[in-house]
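Biologist: I should like a close look at one part of this model, with its surroundings described in order.

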Amino acid sequence: MRLRPPRIRAALSHVARRLFARDIVDDLLQLLTTLAMSPLYCVPLVLFLTGVALTPVLLIGLPLVPLAMMLAGWIARLDRHRLSLLRELEIDMPVASPGGRWKDRLGRLFGRRAWRELVFTVVMLLWAMGAGGLVMTVLAAGLLLLLLPLLAPALPNGSALLGVDIGTALGATSAGLAGLALITAGLWLGRPLARAESDLVMRMLGANQVDHLVRRMMDLEDSRSRMVDAAEQERQRIERDLHDGAQQRLLSVAMNLGRAKSRFDRDPDKARRLLVTAHEEAKAAMQELRDVTRGLHPAILTEQGVEPALAAIAARCPVSVELGVRLSERPTPRAEAIAYYVVSELLTNIAKHAGAERATVKIYREDDLLRLTVVDDGIGGADPDRGSGIHGLRDRVRAVDGHLTLSSPFGGPTVVDVTLPWRA
């Protein structure tokens, strides 16, 4: 079947769009900038080798070694910014070694991260000369061959390239087609090489498993410290509420009972009134005790699970709460307790601060995660930096490798999404 001219134009247009797509241009720009930075990659290696070679000679080369390390670190930061601009690729920084002022400086110059950056410049020098040089050579050769048909009339008769007479129209056209093929190959070769370079930079400059473990340890220490402070504040709140509320009421109950006992025989009516007062004080003390123990582990959670416990919270909330629980089995007690505490605190905050009329609570299992979402139609604008409530919830969730995200634009709605390990 013979292609008609419109179909040929459409095919050529499609090929041109594919060849000069934005991602291909970005790939070539990345490789081109890598090749352009090859002189910079070479400088730290030259300084380091010169410093090592001259150090035995009266320590002349000793200052060159830390200078090479500093330049390697600067080039590594430049490469991070370059990939961030070209590929929108964010590379996690390795964790700095903790220590004092001088230890930090020495660690920055000669620590594990500094050596990685020096090796990185050497590897990138070889990569730039190999991958970048290959692509640019192929493209340059293709461009030269592609221009030969235009130069053919000016070439003397008998001019040959690789045994092909390019002085003739047929030879020049063949060279032009070969150039087009080389340019196409160079453009398509840039994509896998650019991706391989991005992976290489991420592996060498990004945080490795050790860095993630150190960062995780630091986060756990920070969370543990804040949780200890939160627990101490909660203990002080319970102690203060017991002392100022229930304890005073129970003392009043005891005093009224004592007075009623002493007047029971000689003034029964007064004794009866004192008993009524003591009874009212005892009921008020019970209510205050229930208020003091809010957020603590309730018996219904242990006996019946998270759904009845959350239903009890929703029933007491002054805001209308729609509760949706889809759990075919119970998670671990720790996951249940954290989910209960988070929902309890969020509903309390909604009732106090959100100005909401309705809230929705959903809790379900997603793979190996216990996921809960709390949404309210309040005024929004919740800012974790303005209070410790969200920070405390986030610390409690992160203590078991969970995650808490908050979305609260002004005008609402406010959405809190929490994921917990099913077997926390």
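Where is Ile60 found, between which two helices?

Modeller: This is a predicted model, in which local features need pLDDT of at least 70 and side-chain atom pairs count only at pLDDT 80 or more, while totals for chains, interfaces and linings use all residues. Residues are numbered from 1 along each chain as its sequence is written, and side-chain values use heavy atoms, leaving out hydrogens and water.

Ile60 is found in the loop between helix H3 (38-54) and helix H4 (64-87); helices (H or I, at least four residues) and strands (E, at least two) are DSSP runs, numbered from the N terminus. Together with Leu54, Val57 and Leu58, Ile60 makes a nonpolar surface patch of about 400 Å². Such a patch takes residues with over 30% relative accessible area (Shrake-Rupley, 1.4 Å probe, only the protein chains shown counting as cover) and no salt bridge (side-chain nitrogen of Lys or Arg within 4 Å of a carboxyl oxygen of Asp or Glu), its nonpolar side chains (Val, Leu, Ile, Met, Phe, Trp, Tyr) being joined within 5 Å.

Elsewhere, five strands form an open sheet of mixed pairing (at least two DSSP bridges between two strands), in the order S3-S4-S5-S7-S6. Its edges are strand S3 (320-326) and strand S6 (403-407), each paired on one side only. Strand S5 (residues 369-376) runs antiparallel to strand S7 (residues 414-421) over eight bridges, with Val375 opposite Val415. S7 is also antiparallel to S6, through five bridges, and Thr405 stands opposite Asp417 in S7. The hairpin of S6 and S7 has six residues between the strands, and Gly411 there takes a positive phi near 95°.

Note on methods. Patches are made of residues with over 30% relative accessible area and no salt bridge: like charges are joined within 9 Å, nonpolar side chains (Val, Leu, Ile, Met, Phe, Trp, Tyr) within 5 Å.
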